[in-house]
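Please look over the sequence and the structure shown here before reading on. The text below is meant to be followed with both in view.

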Amino acid sequence: MNARCPSCGATVMPRSRFCPTCGRALPQSPPRPSAPPPAAPVDPPIEGALTNSKRLQISGDTLDLRELINVVESSVRWWQRGLSSSDAVTREQAARAIDELSQIMRSLSQQLAQGRTTIRITRRLPALRAFEVVCPSCGGGNRANARFCQRCGALLNAAPRYGVGSVQPRALTFHVAARTDTGRVRQQNQDAVYTGEIDLPGQQKAYLCLVADGMGGAAAGEYASRLAADVSRAYLEQESSSRLPLTDEAWQALLRDAVRAANRRIYDAAHADAAHRGMGTTLTIALLVGDRLHIASVGDSRAYLLNLNGVTDDGAPSAQLTSDHSLVARLVDIGQLTPEQARTHPQRNILYRSIGTDPSVDVDTRSEGLEPGDIVLLCSDGLVNHVSDEEIVQIACGEPDPDRAAARLISLANERGGRDNISVVMVRVEGGRQ
Ligand code: CA
């Protein structure tokens, strides 16, 4: 929601420090307090990916109700199988989960009986930075019609920031940290993280960060996430060494190809060896090139953009750049679960889109501009199941050293139970030499 300038009455964004129209300083509202969420009850980690026959197809922004019921039904069967085949699933847990899923199924069936066939997905990822004009003094982004910088009040000479090949990207430096932790409950760490530079033609560099969260029995999940990291990294290194993508779309196409290469490799490996059958993984990649950030994701490992000056149109200090391809996220969309219930739901780890479970995979991609002061954070669900978005902002933006910030986030998730493997990759973006 936008506020108004007390001096000239022009509309200003909530976190602007200076009026973009008259350049006067604006009164600052105190930061929003953030209440820590209650500690979640500890229950054993549950994971699974749905196979192609149970895929939940999203067409445009709607979900087919029948498909959603199939997914819920297959989740019930998943619990039934667990009940009969594994000691890890107790009778009580399975009964509770099956009962919850039955309630959801009943509610979905009623909607179907009332004539609804599809459900509109209500949760949209926020539109990020519509700030096309870069301030010559502080480097901050401003709207196209701004005369004064909303961050430092300097007079702007409105040069568009992201013209097609018109503006040389600003030199930014990246301070990167990556940590992964087994957590307090699991025996193995099935997450994989990677960070490293990639050579581009003309002695340019890109920075690659990724998180993969594997699933599958024995060591299969560990193998799947490691393969996803290795194959996508090798693909990107190989392809971008000879040809430089020139547009956001071309970078996104390259990332999609890299993720698909990983998908095919894991799918083939899962079918070549009985010990690896059914394995899969999430994969979320961030590629930082100049002052652009390109993201690709499948599954529920998240990428966030954080900045205390605000990253969204309405000035919020954090934005999730990825959509969770999980059953509970879709149940939150249609109001069957609240976000709080979803964080502790027994089916929270069941994915309807993952790497390696189907011969082909849809990959979400997007691109954003980067500014000094930004933090790009990638994490597995082991973090967000215990730590709220507000706490992530507080810790990531409050601790200047990215490695210490990542360590603190992991400690907090462990203090609250550490039910799953926890991975955090953090990139602090700073202004470089001009
Ligand atoms: Ca996980």
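The paragraphs below go from the whole chain to a sheet, then to a core, and end at a metal site.

This is a predicted model. The chain has 434 residues, and 53% of them are buried. Its secondary structure consists of 9 helices and 20 strands. Of the contacts between residues at least 6 apart in sequence, 70% join residues at least 24 apart. The exposed surface of the chain comes to about 19300 Å², with carbon and sulfur atoms supplying 48% of it.

Turn to the sheet. Five strands form an open sheet in the order β9-β20-β19-β15-β16, and the pairing is antiparallel. At the edges are β9 (172–181) and β16 (318–320), each of which pairs on one side only. From one strand to the next, the twist averages 15°. Strand β20 (residues 422–431) pairs with β9 in the antiparallel sense over 10 bridges. One residue to look for is T173, whose bridge partner in β20 is E430. Helix α8 (residues 389–398) packs on the sheet, where it touches β15 (302–306), β16, β19 (375–379) and β20. The direction of α8 makes about 60° with that of β15. As for the bonding behind such an arrangement, strands of a sheet pair through backbone hydrogen bonds, either parallel or antiparallel.

Next comes the core. The largest nonpolar core contains 34 residues, and L236, V259, L283, I285 and L287 have the most contacts inside it. At least two core residues come from each of β10 (191–200), β11 (204–215), α3 (220–242), α4 (248–272), β13 (283–289) and β14 (292–298). Helix α4 gives the largest share, 10 residues. Which residues does I285 touch, leaving aside its neighbours within four places in sequence? Its contacts are L208, C209, L210, S232, L236, L255, V259, H294, I295 and A296. Two of these, L236 and V259, are also named among the residues with the most contacts inside the core.

The last stop is the metal site. The calcium ion is coordinated by OD atoms of D213 (listed twice), D381 and D420, at 2.2 to 3.1 Å. Along the chain, these donors follow the spacing D-x167-D-x38-D. D213 lies in strand β11 and D381 in helix α7 (residues 381–384), so the pair ties together parts that are 168 residues apart in sequence. Are D213 and D381 buried or exposed? Buried means under 20% relative accessible area. D213 counts as buried because its relative accessibility is 7%, and D381 counts as buried because its relative accessibility is 4%.

Technical notes. Residues numbered from 1 in each chain as written. Predicted model: local features only at pLDDT ≥ 70, side-chain atom pairs only at ≥ 80, totals over all residues. Heavy atoms only, no water. Core = buried A, V, L, I, M, F, W, Y, C linked by side-chain atoms within 4.5 Å. Buried < 20%, exposed > 50% of the residue type's maximum accessible area, 1.4 Å probe, protein only. Helix = DSSP H or I, 4+ residues; strand = E, 2+ residues; numbered from the N terminus. Contact = heavy atoms within 4.5 Å. Donors = N, O, S within 2.8 Å, 3.2 Å for Na, K, Ca; no water. Areas by Shrake-Rupley, 256 points an atom, 1.4 Å probe, with all protein chains shown as cover. Pairing = 2+ DSSP bridges. Axes fitted to C-alpha atoms, helices over the stretch in contact; angles between N-to-C directions.
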